Amino acid sequence: MSFHLRLPPPPQTSDSALNQYIEQVHALLLFLVKHLNDLGCGLEFNSSNQLSVNHDSTLSCDDT
């Protein structure tokens with residue numbers, strides 16, 4: 001199974017447009033993390049909002 005997270009380039013117009021873009025990217029990332037965790041990947045966000053993998057989980061990805 002492959003996940004492709006295609007992101008448009010960030011807007012260069014205004015701070016509000018950039019903030020909206022960041023919120024949309026964050027929502028896409030949460031969607032991806034949820035589905036990978038449904039497969040048993042053990043992804044989590046730490047207190048600094050950094051994404052990490054639990055040491056007791058296995059995450060394998062293909063290159064497609």
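**View 1. Ile 22 in helix 1.** Ile 22 sits in helix 1 of this predicted model. With a relative accessible area of 47%, Ile 22 is partly exposed. Have a look at Pro 11 as well: Ile 22 and Pro 11 are 11 residues apart in sequence, and their C-alpha atoms are 10.0 Å apart in space.

**View 2. Gln 24, also a helix 1 residue.** Gln 24 is another residue found in helix 1. Its relative accessible area is 45%, so Gln 24 counts as partly exposed. If you want a distance to check, try Leu 7: going C-alpha to C-alpha, Gln 24 and Leu 7 are 9.5 Å apart, with their positions 17 residues apart in sequence.

**View 3. Helix 1 from end to end.** Helix 1 covers residues 15-38 and has 24 residues. From its first C-alpha to its last, helix 1 reaches 35 Å, which is close to the 34 Å expected at 1.5 Å a residue. As for confidence, helix 1 has the highest mean pLDDT among the elements of the chain, at 86. Just after helix 1 comes Gly 40, with a positive phi of about 90°.

**View 4. The salt bridge in helix 1.** The side chains of Lys 34 and Asp 38 pair up in a salt bridge, at 3.0 Å from N to O. Why can these two pair up along the helix? Lys 34 and Asp 38 are 4 residues apart in helix 1, so about one helical turn separates them. Lys 34 is partly exposed, with a relative accessible area of 46%, while Asp 38 is exposed, at 52%. How many salt bridges does a search of the whole structure find? Just 1.

**View 5. The buried residues of helix 1.** Which residues of helix 1 are buried? They are Tyr 21, Leu 32, Val 33 and Leu 36. The buried residues of helix 1 pack against strand 1 (43-45) and against strand 2. Strand 2 (residues 51-53) deserves a little caution, as its mean pLDDT of 73 is the lowest among the elements of the chain.

**View 6. The largest nonpolar core.** The largest nonpolar core is made of 5 residues: Leu 32, Val 33, Leu 36, Cys 41 and Leu 43. Helix 1 gives the most to this core, with 3 residues. Leu 32, Val 33 and Leu 36 turn up here again after View 5, where they were listed as buried residues of helix 1.

**View 7. The whole chain, for context.** Zooming out, the protein chain has 1 helix and 2 strands, and from the N terminus on these elements run α-β-β. Of the chain's 64 residues, 12% count as buried. The accessible surface comes to about 5300 Å², and carbon and sulfur atoms hold 54% of that. Take the contacts between residues at least 6 apart in sequence: 20% of them join residues at least 24 apart. Over the chain as a whole, the mean pLDDT is 76, with 75% of the residues at 70 or more.

Conventions:
Residues numbered from 1 in each chain as written. Predicted model: local features only at pLDDT ≥ 70, side-chain atom pairs only at ≥ 80, totals over all residues. Heavy atoms only, no water. pLDDT = per-residue confidence, 0-100. Salt bridge = Lys/Arg side-chain N within 4 Å of Asp/Glu carboxyl O. Buried < 20%, exposed > 50% of the residue type's maximum accessible area, 1.4 Å probe, protein only. Contact = heavy atoms within 4.5 Å. Areas by Shrake-Rupley, 256 points an atom, 1.4 Å probe, with all protein chains shown as cover. Core = buried A, V, L, I, M, F, W, Y, C linked by side-chain atoms within 4.5 Å. Expected span 1.5 Å × (residues − 1).
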